[in-house]
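What follows is a report for a reader who is meeting this structure for the first time. Please keep the sequence and the 3D view at hand while reading.

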Amino acid sequence: MALSGKHLLGIEELTLGDIDLILKTSRSFREISTRPIKKVPTLRGKSIINLFFEPSTRTRSSFEIAAKRLGADAINFSVSTSSVSKGETLIDTGKNLKSMNPDIIAIRHPCAGAPQLLARYCEPTCVVNAGDGLHEHPTQALLDALTILDHKKRIEGLNVAIIGDITHSRVARSNVLLLTKLGANVTVCGPPTLIPLEFERYGARVSFHMEEALRGADVIMMLRTQRERQREVFFPSVKEYFTLYGLDARKMKWARRSAIIMHPGPINRGVEIDPKLAEGEYSVIFEQVTNGVAVRMAVLYLLLGVGEETAP
Ligand code: CP
């Protein structure tokens, strides 16, 4: 009942056994969130720090909810009111937080590799990557896999189309790594300016045409165009982007009739997806958010290795 590594820094480091254990444990924890009293004492006495250097709605609040539902103390570290604003480095911040003996630090940072750096300076505190730059967002990919399994009962052999701003998406990178490891056929699709060639090395098929990417798709994962990270102009206009790469009812007909629509959020309605589809019958977007709490409960629990006797 423990993961092979001490930290959760990326999908790349996870074994198939780790992935299976996280998904199974997430399923068993899901029921706690449906009880009238949504709290168990499993992680009582443990403390989890949320160290977020970038904005977040879903990830930060679900780590906090996950910790609290397991009886742990959750501390939200506010970067804007901390000594980071006075020039304190990440390493110094980490060393100071570690001196207060937290059990886990969940970090989101604009620089790829920040969680790995923090892990080096925070021993014995466990570090969870809650999104680092353009690199990875492992808990997002795990909650996406759980949501796909809920609907499709398998991942092996499924056709998954990931569409949008692939270059700036740590969600795309983690999902390609995870879903190909689990045997899915993954196609990444978007404008040529927004797909780095390295994705073929990860085992994904690259397409610049929505119809080609969506034909036979079982799962459609739409991604936000990350304007805040784009330092150049990657497409001429939002209208043109939506016409070529936005998901609407016409393009949806290219996918399998049973296809599900996913999105990690936040959604840019009318840019990458027609609002009617985001709320429509094929959308599982809010189920992804619900599963985020269960997956983060499982990750906190398994990293702390508190033993089978305290399992739910
Ligand atoms: N999916 C995701 O990471 O959302 P937030 O940025 O709101 O955490």
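In strand β1, the residues S47, I49 and L51 point one way, I48, N50 and F52 point the other way, and all of them are buried. Buried here means under 20% relative accessible area, while exposed means over 50% and partly exposed lies in between, with a 1.4 Å probe and protein chains only. In a regular strand the side chains alternate between the two faces of the sheet. Strand β1 spans residues 47-52 and is mostly covered, as six of its six residues are buried. Strands (E, at least two residues) and helices (H or I, at least four) are DSSP runs, numbered from the N terminus.

The model is predicted, so that local features need pLDDT of at least 70 and side-chain atom pairs count only at pLDDT 80 or more, whereas totals for chains, interfaces and linings use all residues. Residues are numbered from 1 along each chain as its sequence is written, and side-chain values use heavy atoms, with hydrogens and water left out.

**Strands and sheet**

β1 pairs with strand β2 (residues 73-78) in the parallel sense over six bridges, two strands being paired if DSSP finds at least two bridges between them. Within this pairing, F52 stands opposite S78 in β2.

An open sheet of five strands, with parallel pairing, has the order β7-β6-β5-β8-β9. Its edge strands are β7 (205-207) and β9 (260-262), each of which pairs on one side only. On average, neighbouring strands of this sheet are turned by 20° against each other, direction ignored. Strand β8 (residues 219-222) pairs with β9 in the parallel sense over three bridges, and V219 has I260 in β9 as its bridge partner. Helix α5 (residues 138-152) packs on the sheet, where it touches β8 and β9, and its direction makes about 165° with that of β9. For such angles, axes are lines fitted to C-alpha atoms, for helices over the stretch in contact, and the values run from 0 to 180 degrees between N-to-C directions.

**Two buried polar residues**

S174 lies in helix α6 (residues 170-181) and counts as buried at 0% relative accessibility. Leaving aside neighbours within four places in sequence, S174 is in contact (heavy atoms within 4.5 Å) with I11, E136, H137, P138 and A141. T125 sits in the loop between α4 (114-121) and β4 (126-132), and is likewise buried, with a relative accessible area of 2%. With the same neighbours in sequence set aside, the contacts of T125 include K6, H7 and K98.

**Polar contacts and the ligand**

The residues around the ligand, each with a heavy atom within 4 Å of it, are S56, T57, R58, T59, R108, H137, Q140, P264 and G265. The table lists polar contacts, meaning pairs of N or O atoms within 3.5 Å; within protein, one atom must be able to donate a hydrogen and the other to accept it, and residues adjacent in sequence count only if both atoms are side-chain atoms.

| Residue and part | Partner | Distance |
|---|---|---|
| T57, polar backbone atom | ligand oxygen atom | 2.7 Å |
| R58, polar backbone atom | ligand oxygen atom | 2.9 Å |
| T59, side-chain N or O atom | ligand oxygen atom | 2.6 Å |
| S174, side chain | E136, side chain | 2.5 Å |
| T125, side chain | P102, backbone oxygen | 3.2 Å |

**Cysteines**

The structure holds zero disulfides, a disulfide being a pair of cysteine sulfur atoms within 2.5 Å. The sulfur of C126 is too far for a bond, because the closest cysteine sulfur, in C122, is 11 Å away.
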